[in-house]
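Reader: I'm new to this, so could you pick one part of this model and walk me through it slowly? I'd like to see how the bits around it hang together, too.

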Amino acid sequence: MSLVRLLGFTTLACGCVVGKYREVATSREVNYVEEKGQTCASHGHRGNHTVATYTPSNALPLAFTKKAS
């Protein structure tokens with residue numbers, strides 16, 4: 001387990017809430033599913049698990065709507 005800093009979060013179209021974090025030691029950015037949406041059918045979206053940063057060509061990259069202060 002490593003120390004991370006919250007950068008921001010957003011709600012995906014499927015209803016899942018994703019948080020973007022930066023590991024303090026390595027500066028690597030990681031996206032976690034904070035809460036799975038009630039109507040989400042994606043098996044890749046599981047609470048407290050990472051989300052791949054890959055986005056299909058028809059999807060927009062994650063744009064975080066809230067920034068941590």
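Author: Let's start at a turn, with Gly15: its phi is positive, near 100 degrees, and it sits in the hairpin of β1 and β2, where five residues lie between the strands. Keep in mind that what you're looking at is a predicted model.

Now look at the two strands on either side of that turn. Strand β1 covers residues 4-11, and it pairs with β2 in the antiparallel sense, over seven bridges. If you'd like one pairing to find on screen, go to Thr10: its bridge partner in β2 is Val18.

Stay around Gly15 for a moment, since there are cysteines to look at here. Cys14 is partly exposed, with 22% relative accessibility. Which cysteine has the sulfur closest to that of Cys14? It's Cys16, and the two sulfurs are 3.6 Å apart, which is too far for a bond. Cys40 tells a similar story: the closest cysteine sulfur to its own is again in Cys16, at 3.6 Å, so that gap is too far for a bond as well. For a disulfide, the two sulfur atoms would have to be within 2.5 Å. Across the structure, the count of disulfides is zero. As for cover, Cys40 counts as buried, at 11% relative accessibility.

There's one more residue to bring in here, His45. You'll find His45 in the loop between β3 (29-35) and β4 (66-67). Is His45 buried or exposed? It's buried, because its relative accessible area is 15% and the cut-off for buried is under 20%. And what does His45 touch, once you leave out residues up to four places away in sequence? The list is Leu12, Cys14, Cys16, Val33, Lys36 and Cys40. So the three cysteines we just met, Cys14, Cys16 and Cys40, are among the contacts of His45.

Next, follow β2 onward to the second hairpin. β2 and β3 run antiparallel, joined by six bridges. Between these strands there are again five residues, and Ser27 in the turn has a positive phi of about 65 degrees. A handy pairing to look for is Lys20, whose bridge partner in β3 is Asn31.

The side chains around this second hairpin are worth a close look, too. How many salt bridges are there? The count comes to three. Lys20 and Glu29 make one of them, at 3.2 Å from N to O. Arg22 also meets Glu29, at 2.7 Å. Then Arg28 and Glu23 form a salt bridge at 2.8 Å. Arg28 is partly exposed, with 49% relative accessibility, whereas Glu23 counts as buried, at 13%. Two of the salt bridges share a partner, and that joins Lys20, Arg22 and Glu29 into one network. The members of that network are partly exposed: Lys20 at 23%, Arg22 at 32% and Glu29 at 37%.

Now for the aromatic rings. A pair of rings is described by how far apart the centres are and by the angle of the planes. Here the count comes to one aromatic pair. Tyr21 and Tyr32 make up that pair, with 5.7 Å from centre to centre and 75 degrees between the planes, an edge-to-face arrangement. Tyr21 lies in strand β2 (residues 17-23) and Tyr32 in strand β3, so their pairing ties together parts that are 11 residues apart in sequence. Tyr21 is buried, with a relative accessible area of 16%, while Tyr32 is partly exposed at 29%.

Finally, let's zoom out to the whole chain. It has four strands and zero helices, so if you read along the sequence you get β-β-β-β, as the definition of these elements numbers them from the N terminus. Of its 69 residues, 22% count as buried. The chain exposes about 5300 Å², and carbon and sulfur atoms supply 54% of that. And if you take the contacts with a separation of 6 or more, 27% come from residues 24 or more positions apart.

Note on methods
Residues are numbered from 1 along each chain as its sequence is written. This is a predicted model: local features need pLDDT of at least 70, side-chain atom pairs count only at pLDDT 80 or more; totals for chains, interfaces and linings use all residues. Side-chain values use heavy atoms; hydrogens and water are left out. Buried means under 20% relative accessible area, exposed over 50%, partly exposed in between (1.4 Å probe, protein chains only). Contact means heavy atoms within 4.5 Å. Rings of Phe, Tyr and Trp (its six-membered ring) pair if their centres lie within 6.5 Å; planes under 30 degrees apart count as stacked, over 60 as edge-to-face and the rest as tilted. Two strands pair if DSSP finds at least two bridges between them. A salt bridge is a side-chain nitrogen of Lys or Arg within 4 Å of a carboxyl oxygen of Asp or Glu. Accessible areas come from the Shrake-Rupley method with a 1.4 Å probe; for residues, only the protein chains shown count as cover.
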